[in-house]
Amino acid sequence: MALQTITWMSAFLCVAHVCSMPMPCQLQGQLVRITHNLLRDMGGNIPLECLQENVFVAFPATAFASSGARQLSSSGAKAIYETLKNIDTLFGADDLPTQWDQRKLENFQNIVYRQIEESKCMMGSVDTSDYLIRTEGLNTYFGNIAAVLKEKNFSYCAWEVVRKELLYTLQFILEHNSDSLLWANRT
């Protein structure tokens, strides 16, 4: 009986210790890469009939810029978080293209949502003086993307333009802000 009690207490303390360990409050680089790849693969190349619908949307690279190594991690991660929130909002529409691979689309949406939920805690420490400027740039960019969708009545080609823009955005993050992301087994 005493052995059973000790065993249960040990198991309880072990679980309590594991559950109380702090989880890193960072966006996961591998999930951002998977998100990019799902978006790339869900529709293939932009269809020829959609090329005439292609519009220029100025990308806010300055929203991801840094003034120092320490600030890159904090400010860059918050800009990436805001980007994911805006992507989630765009894909919250009911008029998503049926021509895309629906399984990949659903996985894409789920991973974006997961990243947002798992990294909300980083927004509790928004103390960077340039945060509002970064957010304003991102909101303008995503507002322009949403305007393209609305102007083109959420057509398939409008969504292809959006997909092209978001692929560029995610690729930019992976190439220029990977230090703001948590990478497993990265040396």
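A polar contact here is a pair of N or O atoms within 3.5 Å, one able to donate a hydrogen and the other to accept it. Keep that in mind for a serine we'll get to right away. One thing to know before we start: this is a predicted model.

**A serine between two helices**

Let's begin with Ser119, which sits in the loop between α4 (102-118) and α5. A polar atom of the Ser119 side chain lies 2.5 Å from the backbone oxygen of Gln115. Is Ser119 buried or exposed? With a relative accessible area of 0%, Ser119 is buried, because anything under 20% counts that way. Setting aside residues within four places in sequence, Ser119 is in contact with Cys25, Gln26, Leu27 and Tyr81.

**Stepping back to the whole protein**

Now for the wider view. The protein has six helices and zero strands, so if you walk along from the N terminus, the elements simply read α-α-α-α-α-α. There are 187 residues in the protein, and buried ones make up 41% of them. As for the outside, the protein exposes about 10900 Å², with 57% of that supplied by carbon and sulfur atoms.

How do the contacts spread along the chain? Take the contacts with a separation of 6 or more: residues 24 or more positions apart account for 87% of these.

**Charged pairs**

Side chains of opposite charge can pair when their charged atoms come close. How many salt bridges does a search of the whole structure find? The count is seven. Here are some of them, with the distance between the closest N and O atoms.

| Acidic residue | Basic residue | Closest N and O atoms |
|---|---|---|
| Asp41 | Arg40 | 2.8 Å |
| Glu53 | Lys152 | 3.2 Å |
| Glu82 | Lys85 | 3.8 Å |

The Glu53 and Lys152 salt bridge links distant parts of the chain, with the two positions 99 residues apart. Glu53 is in the loop between α2 (29-41) and α3 (69-90), while Lys152 is in the loop between α5 (131-151) and α6 (156-176). Glu53 counts as partly exposed at 22% relative accessibility, whereas Lys152 counts as buried at 18%. The two fall into separate classes because the cut-off for buried is under 20%.

Glu82 and Lys85 make another salt bridge. Why are they separated by about one helical turn? That's because they are three residues apart in helix α3. Glu82 is buried, with a relative accessible area of 7%, but Lys85 is partly exposed at 34%.

Then there's the salt bridge of Asp41 with Arg40. Asp41 is partly exposed, having a relative accessible area of 36%, and Arg40 is partly exposed too, at 40%.

**A buried glutamate in α6**

One more residue is worth a visit: Glu165, found in helix α6. Glu165 is buried, with a relative accessible area of 7%. Which side chain does Glu165 meet in a polar contact of 3.0 Å? The partner is Tyr141, and the contact joins the two side chains. Tyr141 also turns up among the residues that Glu165 touches, along with Val55, Val57 and Ile145, if you leave out residues up to four places away in sequence.

So, to find your way around, start from Ser119 in its loop between α4 and α5, then look for Glu165 in helix α6.

Key. Residues numbered from 1 in each chain as written. Predicted model: local features only at pLDDT ≥ 70, side-chain atom pairs only at ≥ 80, totals over all residues. Heavy atoms only, no water. Helix = DSSP H or I, 4+ residues; strand = E, 2+ residues; numbered from the N terminus. Buried < 20%, exposed > 50% of the residue type's maximum accessible area, 1.4 Å probe, protein only. Contact = heavy atoms within 4.5 Å. Areas by Shrake-Rupley, 256 points an atom, 1.4 Å probe, with all protein chains shown as cover. Salt bridge = Lys/Arg side-chain N within 4 Å of Asp/Glu carboxyl O.
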